[in-house]
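Let's work through a few short exercises together. Keep the viewer open and try each task before reading its solution.

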Amino acid sequence: MGDLAETQSVPTEDESRRDFLLHATVATGVVGAAVSLWPLINSLNPAADTLALSSVEVSLAGLEEGQAATISWRGKPVFLRYRTPAEIEEARSERWQDLPDPQPDEERVQDDRYLIVVGVCTHLGCIPLGQKTTETRGDFGGYFCPCHGSHYDVSARIRRGPAPSNLEVPEYTYLSETNVRIG
Ligand code: FES
(Lines give C-alpha, C1' and ligand atoms only; values in the text may rest on other atoms or scores of the structure.)
Protein backbone atom coordinates (compact mmCIF):
# COMPACT_ATOMS: atom_id res chain seq x y z
CA MET A 1 0.00 0.00 0.00
CA GLY A 2 2.65 2.42 1.07
CA ASP A 3 4.72 1.37 -1.95
CA LEU A 4 2.12 2.85 -4.29
CA ALA A 5 2.43 6.26 -2.69
CA GLU A 6 6.14 6.04 -3.00
CA THR A 7 6.07 5.23 -6.73
CA GLN A 8 4.12 8.40 -7.58
CA SER A 9 6.46 11.25 -8.21
CA VAL A 10 5.85 14.96 -8.37
CA PRO A 11 6.51 16.19 -11.97
CA THR A 12 9.64 18.17 -12.37
CA GLU A 13 9.43 21.66 -13.78
CA ASP A 14 10.70 20.37 -17.12
CA GLU A 15 8.01 17.69 -17.30
CA SER A 16 5.24 20.20 -16.51
CA ARG A 17 6.52 22.53 -19.20
CA ARG A 18 6.64 19.69 -21.73
CA ASP A 19 3.03 18.73 -20.90
CA PHE A 20 1.91 22.30 -21.28
CA LEU A 21 3.60 22.56 -24.68
CA LEU A 22 1.97 19.29 -25.74
CA HIS A 23 -1.50 20.56 -24.77
CA ALA A 24 -0.89 23.87 -26.43
CA THR A 25 0.10 22.13 -29.65
CA VAL A 26 -2.99 19.91 -29.62
CA ALA A 27 -5.24 22.91 -28.99
CA THR A 28 -3.64 24.84 -31.86
CA GLY A 29 -4.07 21.82 -34.08
CA VAL A 30 -7.79 21.65 -33.35
CA VAL A 31 -8.29 25.36 -33.96
CA GLY A 32 -6.28 25.12 -37.18
CA ALA A 33 -8.43 22.26 -38.42
CA ALA A 34 -11.62 24.14 -37.57
CA VAL A 35 -10.46 27.23 -39.44
CA SER A 36 -9.31 25.36 -42.51
CA LEU A 37 -12.57 23.37 -42.67
CA TRP A 38 -14.78 26.44 -42.59
CA PRO A 39 -14.24 27.64 -46.17
CA LEU A 40 -14.96 24.12 -47.39
CA ILE A 41 -18.16 23.83 -45.35
CA ASN A 42 -19.15 27.33 -46.36
CA SER A 43 -18.68 26.52 -50.03
CA LEU A 44 -20.96 23.51 -49.63
CA ASN A 45 -23.71 25.73 -48.26
CA PRO A 46 -24.25 28.43 -50.86
CA ALA A 47 -26.04 31.53 -49.68
CA ALA A 48 -29.79 31.54 -50.01
CA ASP A 49 -29.73 34.10 -52.83
CA THR A 50 -27.25 31.98 -54.83
CA LEU A 51 -29.46 28.97 -54.31
CA ALA A 52 -32.57 30.84 -55.34
CA LEU A 53 -30.95 31.89 -58.61
CA SER A 54 -29.56 28.53 -59.56
CA SER A 55 -30.97 27.06 -62.71
CA VAL A 56 -30.19 24.08 -64.87
CA GLU A 57 -30.45 23.59 -68.63
CA VAL A 58 -31.79 20.30 -69.88
CA SER A 59 -32.07 18.80 -73.34
CA LEU A 60 -35.20 16.78 -73.95
CA ALA A 61 -33.97 15.69 -77.37
CA GLY A 62 -32.84 12.27 -76.13
CA LEU A 63 -36.25 11.38 -74.71
CA GLU A 64 -38.54 9.26 -76.81
CA GLU A 65 -42.29 9.13 -76.53
CA GLY A 66 -43.27 7.29 -73.37
CA GLN A 67 -39.85 7.75 -71.78
CA ALA A 68 -38.96 9.65 -68.65
CA ALA A 69 -35.81 11.03 -67.08
CA THR A 70 -34.99 12.50 -63.71
CA ILE A 71 -32.57 15.35 -63.11
CA SER A 72 -31.46 17.08 -59.97
CA TRP A 73 -32.29 20.74 -59.43
CA ARG A 74 -31.64 22.66 -56.23
CA GLY A 75 -31.15 19.34 -54.48
CA LYS A 76 -34.52 18.00 -55.56
CA PRO A 77 -35.45 15.48 -58.27
CA VAL A 78 -37.27 16.89 -61.26
CA PHE A 79 -39.28 14.46 -63.33
CA LEU A 80 -39.28 14.91 -67.10
CA ARG A 81 -41.79 12.80 -69.00
CA TYR A 82 -42.50 12.63 -72.71
CA ARG A 83 -46.18 11.78 -72.67
CA THR A 84 -47.90 9.72 -75.31
CA PRO A 85 -50.90 11.16 -77.22
CA ALA A 86 -53.13 8.79 -75.23
CA GLU A 87 -51.76 10.12 -71.93
CA ILE A 88 -52.27 13.71 -73.02
CA GLU A 89 -55.82 12.93 -74.05
CA GLU A 90 -56.46 11.20 -70.75
CA ALA A 91 -55.08 14.16 -68.79
CA ARG A 92 -57.39 16.50 -70.69
CA SER A 93 -60.50 14.40 -70.59
CA GLU A 94 -60.82 14.76 -66.83
CA ARG A 95 -63.19 17.34 -65.36
CA TRP A 96 -60.34 19.13 -63.64
CA GLN A 97 -62.76 21.25 -61.60
CA ASP A 98 -63.67 18.13 -59.62
CA LEU A 99 -60.10 17.15 -58.72
CA PRO A 100 -58.71 17.53 -55.17
CA ASP A 101 -56.34 20.29 -56.32
CA PRO A 102 -58.22 21.60 -59.37
CA GLN A 103 -55.95 22.59 -62.23
CA PRO A 104 -56.30 22.00 -65.98
CA ASP A 105 -53.52 20.02 -67.64
CA GLU A 106 -52.98 22.93 -70.04
CA GLU A 107 -51.79 25.07 -67.14
CA ARG A 108 -49.28 22.47 -66.00
CA VAL A 109 -47.35 22.07 -69.24
CA GLN A 110 -45.94 24.47 -71.81
CA ASP A 111 -45.52 21.81 -74.48
CA ASP A 112 -48.30 19.23 -74.30
CA ARG A 113 -45.83 16.40 -74.73
CA TYR A 114 -43.45 17.19 -71.89
CA LEU A 115 -44.51 17.02 -68.28
CA ILE A 116 -41.95 18.69 -66.00
CA VAL A 117 -42.60 18.47 -62.27
CA VAL A 118 -40.70 18.38 -58.99
CA GLY A 119 -40.59 14.73 -57.95
CA VAL A 120 -41.36 15.26 -54.29
CA CYS A 121 -44.66 14.07 -52.85
CA THR A 122 -46.63 16.98 -51.43
CA HIS A 123 -47.64 14.93 -48.41
CA LEU A 124 -44.41 14.36 -46.48
CA GLY A 125 -41.76 14.59 -49.15
CA CYS A 126 -41.15 11.04 -50.39
CA ILE A 127 -40.12 10.52 -53.99
CA PRO A 128 -43.04 8.97 -55.89
CA LEU A 129 -42.65 5.96 -58.16
CA GLY A 130 -43.57 5.98 -61.83
CA GLN A 131 -40.59 7.36 -63.71
CA LYS A 132 -39.49 3.90 -64.77
CA THR A 133 -41.92 1.88 -66.83
CA THR A 134 -41.25 -1.03 -64.48
CA GLU A 135 -42.48 0.95 -61.48
CA THR A 136 -46.08 1.13 -60.40
CA ARG A 137 -47.75 4.33 -61.54
CA GLY A 138 -50.76 4.11 -59.27
CA ASP A 139 -54.41 3.96 -60.22
CA PHE A 140 -54.27 7.01 -62.50
CA GLY A 141 -51.24 6.20 -64.63
CA GLY A 142 -48.96 8.94 -63.40
CA TYR A 143 -47.09 8.46 -60.15
CA PHE A 144 -47.59 6.57 -56.95
CA CYS A 145 -46.14 7.51 -53.60
CA PRO A 146 -45.74 4.31 -51.60
CA CYS A 147 -45.05 6.06 -48.31
CA HIS A 148 -48.72 6.60 -47.51
CA GLY A 149 -50.46 5.78 -50.78
CA SER A 150 -50.89 8.94 -52.84
CA HIS A 151 -51.90 8.48 -56.46
CA TYR A 152 -51.09 11.11 -59.09
CA ASP A 153 -52.33 11.21 -62.68
CA VAL A 154 -50.43 11.78 -65.95
CA SER A 155 -50.48 15.50 -65.25
CA ALA A 156 -49.00 14.73 -61.78
CA ARG A 157 -52.19 15.99 -60.14
CA ILE A 158 -53.16 14.38 -56.86
CA ARG A 159 -56.13 12.11 -57.34
CA ARG A 160 -56.27 9.96 -54.23
CA GLY A 161 -54.42 9.68 -50.93
CA PRO A 162 -53.18 12.04 -48.25
CA ALA A 163 -51.11 14.38 -50.44
CA PRO A 164 -52.81 17.79 -50.27
CA SER A 165 -51.73 19.13 -53.66
CA ASN A 166 -50.42 18.34 -57.13
CA LEU A 167 -46.72 17.78 -57.72
CA GLU A 168 -45.15 21.20 -58.08
CA VAL A 169 -44.44 22.54 -61.55
CA PRO A 170 -41.11 24.36 -61.32
CA GLU A 171 -40.50 27.62 -63.10
CA TYR A 172 -38.99 26.83 -66.50
CA THR A 173 -38.44 28.33 -69.93
CA TYR A 174 -38.04 26.72 -73.33
CA LEU A 175 -34.84 27.95 -74.94
CA SER A 176 -35.58 25.97 -78.10
CA GLU A 177 -37.99 23.19 -79.02
CA THR A 178 -36.16 20.66 -76.86
CA ASN A 179 -33.92 22.74 -74.59
CA VAL A 180 -35.34 23.89 -71.30
CA ARG A 181 -33.92 26.01 -68.54
CA ILE A 182 -35.36 25.05 -65.17
CA GLY A 183 -35.23 27.70 -62.48
S1 FES B 1 -45.14 11.20 -48.42
FE2 FES B 1 -46.21 10.60 -50.20
S3 FES B 1 -48.05 9.84 -49.44
FE4 FES B 1 -47.03 10.47 -47.65
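Buried means under 20% relative accessible area, exposed over 50%, and partly exposed in between, with a 1.4 Å probe and protein chains only. This is a predicted model, where local features need pLDDT of at least 70, side-chain atom pairs count only at pLDDT 80 or more, and totals for chains, interfaces and linings use all residues. Residues are numbered from 1 along each chain as its sequence is written, and side-chain values use heavy atoms, with hydrogens and water left out.

**Exercise 1.** Work out whether arginine 81 is buried or exposed, and find a backbone oxygen by its side chain.

*Solution.* Start in strand S3, residues 76-82, where arginine 81 lies. (Strands are DSSP runs of E, at least two residues; helices are runs of H or I, at least four; both are numbered from the N terminus.) Next, check accessibility: arginine 81 counts as buried because its value is 2%. Finally, look at glycine 141: its backbone oxygen is 2.9 Å from a polar atom of the arginine 81 side chain.

**Exercise 2.** Which residues of helix H4 are buried, and what do they pack against?

*Solution.* Go along H4, residues 85-93, and pick out Glu87, Ile88 and Ala91 as the buried ones. Viewed down the axis of H4, these fall within an arc of 100°, so they line one face of the helix. (The arc is taken from the directions from the helix axis to the C-beta atoms.) Here's the background: an α-helix has 3.6 residues a turn, so residues three or four places apart point the same way. Now turn to the other side of H4, where Pro85, Ala86, Glu89 and Ser93 are exposed. Last step: the buried residues of H4 pack against S3, with contact meaning heavy atoms within 4.5 Å.

**Exercise 3.** Where does valine 109 lie, and which residues does it contact beyond four places in sequence?

*Solution.* Look in the loop between H4 and strand S4 (114-118) for valine 109. At 8% relative accessibility, valine 109 counts as buried. Leaving out neighbours within four places, valine 109 is in contact with Arg83, Arg92, Tyr114, Leu115 and Tyr172.

**Exercise 4.** Find aspartate 153 and say what its side chain reaches at 2.9 Å.

*Solution.* Head for strand S6, residues 150-153, which holds aspartate 153. Aspartate 153 counts as buried, at 2% relative accessibility. Its side chain reaches the backbone nitrogen of arginine 157 at 2.9 Å.

Note on methods:
A polar contact is a pair of N or O atoms within 3.5 Å; within protein, one must be able to donate a hydrogen and the other to accept it, and residues adjacent in sequence count only if both atoms are side-chain atoms.
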